[in-house]
Amino acid sequence: DRYDTILYFSSQYQNLYNSFDQGKSWKELIPQNLNASFVSPFVMHRDNFLDIYSGGDKLLHSVDGGIQWDTTKLINKNEKITSILLSNENNNLIYFSTINTTLVESNLYVSYNAGKEIVSIDNGIPERFIRDIYLNSKNNKSIYIALGGTCLLYTSPSPRDRTRSRM
């Protein structure tokens, strides 16, 4: 199939490369971003390996394997993305978490339109580093949040009034 030759390689500070020839040659897609976390998340949709996201001090989204990027700025300039979850059922549904490095606060966001607009939904989540997010396979309105030392089930997120659009 057409995706058999596509490879991605990510390294520290959101640095990302791809190869369209099974690793014989590599192209840098995102240079090191020292404003990103040392370990920055990179995810791709399971059914379309050209539809990718990278998280740093902003959310990057590409539908062409990293040739062009859409950028969504975060609500607070001191936030860094720590994890990203893409829905397998809905290509537009994205959850991601951040850590504010100045205030040492975590935040959880959702986007219903592939990152064009983001909404904070962290009401009631303990102030701990969010390590990972998993979608509940039985109810796509529920997510599991892996925090340092515990895991929470977060059901039916209700958006706050803070949103941010792509810039």
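**Aromatic pairs, salt bridges and model confidence**

F96 is buried, its relative accessible area being 0% (buried, under 20%; exposed, over 50%; partly exposed, in between; 1.4 Å probe, protein chains only). Y109 likewise counts as buried, with a relative accessible area of 0%. The structure is a predicted model, in which local features need pLDDT of at least 70 and side-chain atom pairs pLDDT 80 or more, whereas totals for chains, interfaces and linings use all residues. Residues are numbered from 1 along each chain as its sequence is written, and side-chain values rest on heavy atoms, without hydrogens or water.

Across the whole structure, the search returned 5 aromatic pairs (ring centres of Phe, Tyr or Trp, the latter by its six-membered ring, within 6.5 Å; planes under 30 degrees apart stacked, over 60 edge-to-face, the rest tilted). One of these joins Y13 to F38 in an edge-to-face arrangement, with 5.3 Å between the centres and 85° between the planes. This pair links distant parts of the chain, 25 residues apart: Y13 belongs to the loop between β1 (7-10) and β2 (16-19), and F38 to the loop between β3 (27-30) and β4 (42-45) (strands are DSSP runs of E, at least two residues, numbered from the N terminus). Y13 is partly exposed, at 25% relative accessibility, and F38 is also partly exposed, with a relative accessible area of 47%. F96 and Y109 form a stacked pair, with a centre-to-centre distance of 5.1 Å and planes at 25°. Because F96 lies in strand β9 (residues 94-100) and Y109 in strand β10 (residues 105-111), the pair ties together parts that are 13 residues apart in sequence. Both rings of this stacked pair are buried. In addition, F9, Y17 and W26 are linked into a cluster by ring pairs.

The model holds 2 salt bridges (a side-chain nitrogen of Lys or Arg within 4 Å of a carboxyl oxygen of Asp or Glu). In one of them, R46 is paired with D47, and the closest N and O atoms are 3.7 Å apart. R46 is partly exposed, at 48% relative accessible area, while D47 is exposed, at 56%. The other salt bridge is formed by K58 with D57, where the closest N and O atoms are 3.4 Å apart. K58 is partly exposed, with a relative accessible area of 27%, whereas D57 counts as buried at 18%.

S87 is placed in the loop between β8 (79-86) and β9. At 2% relative accessibility, this serine is buried. Leaving aside residues up to four places away in sequence, S87 touches H45, L93 and L135 (contact: heavy atoms within 4.5 Å).

Confidence was examined along the chain (pLDDT, the predictor's confidence in each residue, from 0 to 100). The protein chain has a mean pLDDT of 85, and 90% of its residues reach 70 or more. Among its elements, strand β6 (residues 58-62) has the highest mean pLDDT, 96, and strand β15 (residues 163-165) the lowest, 41. The pLDDT is below 50 over residues 158-167, a stretch that has 36 contacts in the model beyond near neighbours in sequence. Where pLDDT is low, the predicted coordinates should not be read in detail.

Note on methods
Helices (H or I, at least four residues) and strands (E, at least two) are DSSP runs, numbered from the N terminus.
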